[in-house]
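Student: I would like to go through the strand pairing here, one question at a time. Please show me the sequence and structure.

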Amino acid sequence: MTARRGGSLPPTLEAALETTGAKCYRHCDKPLRIRRLRSRLPGFWSVRACPSGVVSVTDYVEWTRRDPTVGVGIQLRRWTFPSTLVRSRDLRLATRHGPELGRAAERLLASARPARGVRVVYWRVYPFRAKNGTERRLFVCFRRTHPSPVFFASAPSAASWGCPVCARRRTAAAKRNS
Amino acid sequence: MVWDMPGAKPSGRPRQLTIVLAQWCPHCVPLSVRYGGRLAKRLGVRLRILDIDRRAQEKLADRLVRDYGDASPDYLIPQVFLEWSDGRVQPLLTGFSEQVRRTEQAWRDLLSSEWLLSVRETL
């Protein structure tokens, strides 16, 4: 099998990497929804978040020999407000070689030339406390008022939706109407 | 970085299976210790555990991960390596960042893989 262009994955590999059935950990225990994203990077993104928008984990998958972590960090910082929420220590690399992905994926990866594994970069932000002691979680907003996802930190008990981009647009709209 | 695909067949014989783990990690203990023991038995090698919370073992674990594994500032665990008699080291499995049962599935797939069958045929 020849290398596919751009690090994208054939369906066999996508299926082998798919995980379902996870629940929101230490927040609402509701099933996580998986949202697929694209960016300028050749691989694909998955954001696992509960219906309230609390993010469990975001991952980027690319079929490549290189380590995509740096590019992943740059892209995440574009999507995150403030960008300092994306810390290098929260980005973790994993290589999936084939034997641990089931027979179909194993055969496909074994026949690929040049030999390469599937590289996954996980971004997981554990709950943390703000300076005033309140618990903060990572949220994601997919509203259509902005073309890209917006990651932000907020208190899980906050009364209002804390997306900074949506809030800016609301404020701008209110100014225009007044 | 030496990047040895498990699909490739190194010369020599399997010598030691190493798991880099932490006792508090549910993907590691007891799950990976149990499955790692099974894999080591099938390969006829000893199982070495490197606990990242024990200073002496942490240094070895960090070096193994840096040289052959999935290195990050706060790297994923468990990471599993097979060392061969000719000195080569193969990364076999890195824990998933999703649910524990996903890592368990990876262990099951590894134990029933064609790679393991082919290695056992050469023993």
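Tutor: This is a predicted model. In chain B, B:Q16 stands opposite B:E83 of β3(B).

Student: How many bridges join β1 and β3 of chain B, and in which sense do they pair?

Tutor: Strand β1 of chain B covers residues 14-21, and strand β3 of chain B covers residues 79-84. The pairing is antiparallel, and the count is 6 bridges.

Student: Which strands of the chain B sheet stand at its edges, and why is one side of each left without a neighbour?

Tutor: The 4 strands form an open, mixed sheet in the order β2-β1-β3-β4 (chain B). Each edge strand has a single partner strand, so one of its sides has no neighbour in the sheet. The edge strands of chain B are β2 (46-51) and β4 (89-94).

Student: What angle does helix α2 of chain B make with β2(B)?

Tutor: Helix α2 (residues 55-68) of chain B packs on the sheet and touches β1, β2, β3 and β4 of chain B. Its direction relative to that of β2(B) is about 105°.

Student: In chain A, is strand β3 largely enclosed or not, and why?

Tutor: Strand β3 of chain A spans residues 55-63. Buried here means under 20% relative accessible area. By that cut-off 9 of the 9 residues of β3 in chain A are buried, so the strand is largely enclosed by the rest of the structure.

Student: Which residue of β6(A) stands opposite A:T58?

Tutor: β3(A) and strand β6 (residues 118-123) of chain A run antiparallel, joined by 6 bridges. Opposite A:T58 in β6(A) is A:W123.

Key: Residues are numbered from 1 along each chain as its sequence is written. Chains are lettered from A and ligands numbered from 1 in the order in which they are written. This is a predicted model: local features need pLDDT of at least 70, side-chain atom pairs count only at pLDDT 80 or more; totals for chains, interfaces and linings use all residues. Side-chain values use heavy atoms; hydrogens and water are left out. Two strands pair if DSSP finds at least two bridges between them. Helices (H or I, at least four residues) and strands (E, at least two) are DSSP runs, numbered from the N terminus. Contact means heavy atoms within 4.5 Å. Axes are lines fitted to C-alpha atoms, for helices over the stretch in contact, and angles run from 0 to 180 degrees between N-to-C directions. Buried means under 20% relative accessible area, exposed over 50%, partly exposed in between (1.4 Å probe, protein chains only).
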